[in-house]
Structure formats: structure tokens, C-alpha cells
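This report is meant for a reader meeting the structure for the first time. Please view the sequence and the model side by side while reading.

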Amino acid sequence: MLIPTADLYDRYDDTLGSCDIQLRQHGGVAAFAGPAVTVRCFEDNALVKAVLAEPGEGRVLVVDGGGSVHTALMGDLIAGSAVANGWAGVVINGAVRDVAALRALPLGVKALGTNPRKSAKTGVGERDVPLSFGNCVFHPGAEVHCDDDGVVVLPPRERP
């Protein structure tokens, strides 16, 4: 059962990270949670595609795209791969595309914005590193919870 982010904040207070960035809901699942897998990339989605092609096991991919909305880091094909591989959701500090198709998929998708422009495919980026955006730190393995109120993260040692 998913615990609402507001209830988690009431329970954990300042030990809970609450992302200040107003990420928009783009997926077909509004509330989702799971252990974080992290990727840092900038206007290049090859690493995002590779990670989401792996077994997700109910995890959440958190992507720090540097806040760029110049190119999309995920579209319907990559999101479809995430669904097929069992990912709970994706949180992107950057842009997505194909939003009408994303809304039809059983996947949580939070992103900063949208842009139909494709990204580079060189594979530049880092995986499984701590990410910091929106006054929140996302460590690999940390529990990420998302719903209509926002995105929160518990350190790996805290579990609801």
C-alpha cells in the first residue's frame, strides 16, 4: 500500500527530503514508490534507455537532467520499455515527450516539462551516484515516494 507523501512528511519531518521543484505528472500512475536508481545526464538519454531496459523490480529511476527542457530524456518507447521491465516510475529533472502516450502507460512519470526534441545518444552520464536537486538528495537505494502532492525521499536506512 502506498503511503501519501503528506503522511510520510508528518511521520518523518525533516529526516524526509521533500523536492521543492514542481515536477508535473505525466504518467498513467499518479502515485508510485520504490527504491531509487539514479542517473545524471545532460540532454543525452542513452543511459536512461539502458537502465530502463534492465529489470526494474518495482524501483524508481531518478534522473538529474540538470533542469534542461531543451531535449526530452524519455518518450513513449523508453517508457514502454520501463513498463515491460517492471519499473514503478521515473522522476526526471528535465523534459519528456510523447505525453499523450505516457498518460496511457501504467507507469509513474514526474518531469519538469516537455519538449518534442530528441536528445543526444552518446551515453554520457553517471549511474548510481547521489543526485541533488530541488533541495533534496537522492541516494541510490533510498525510498522515493511520489504522488499529486510531490516527491519525497527517505534515506536508505529509513523505511515506512
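## Helix 3 and its packing

In this predicted model, the buried residues of helix 3 pack against three elements: helix 2 (46-52), strand 5 (72-74) and helix 4 (99-103). Helix 3 itself covers residues 76-84, and its buried residues are Ile 78, Ala 79 and Ala 82. When the helix is viewed down its axis, these buried residues fall within an arc of 100°, so they line one face of helix 3. An α-helix has 3.6 residues a turn, so residues three or four places apart point the same way.

Leu 77 and Ala 84 lie on the other side of helix 3, where they are exposed. Just after the helix comes Gly 86, which takes a positive phi of about 85°.

## Gly 89 in strand 6

Strand 6 runs over residues 89-96, and Gly 89 belongs to it. Is Gly 89 buried or exposed? With a relative accessible area of 0%, below the 20% under which a residue counts as buried, Gly 89 is buried.

Leaving aside residues up to four places away in sequence, Gly 89 touches Phe 32, Arg 59, Val 60, Leu 61, Leu 107 and Gly 108. A further spatial relation links Gly 89 with Val 144: the two are 55 residues apart in sequence, while their C-alpha atoms are 9.8 Å apart in space.

## The chain as a whole

The chain contains four helices and twelve strands. Its radius of gyration is 14 Å, close to the 15 Å that the globule rule gives for 160 residues, so the chain is as compact as a globular protein of that length. Taken along the principal axes, the box filled by the C-alpha atoms is roughly 40 × 30 × 30 Å.

Buried residues make up 49% of the 160 residues of the chain. Among contacts in the chain with a separation of 6 or more, 72% are between residues 24 or more positions apart.

## Surface and charge

How much area does the chain expose? The exposed area is about 7100 Å², and carbon and sulfur atoms supply 53% of this surface. The chain carries 14 positive and 19 negative charges, and the mean positions of these two groups are 8 Å apart.

Key:
Residues numbered from 1 in each chain as written. Predicted model: local features only at pLDDT ≥ 70, side-chain atom pairs only at ≥ 80, totals over all residues. Heavy atoms only, no water. Helix = DSSP H or I, 4+ residues; strand = E, 2+ residues; numbered from the N terminus. Rg over C-alpha atoms; globule rule 2.2 N^0.38 Å. Buried < 20%, exposed > 50% of the residue type's maximum accessible area, 1.4 Å probe, protein only. Contact = heavy atoms within 4.5 Å. Areas by Shrake-Rupley, 256 points an atom, 1.4 Å probe, with all protein chains shown as cover. Lys, Arg positive; Asp, Glu negative; His and termini not counted. Charge placed at Lys NZ, Arg CZ, Asp CG, Glu CD. Arc of directions from axis to C-beta.
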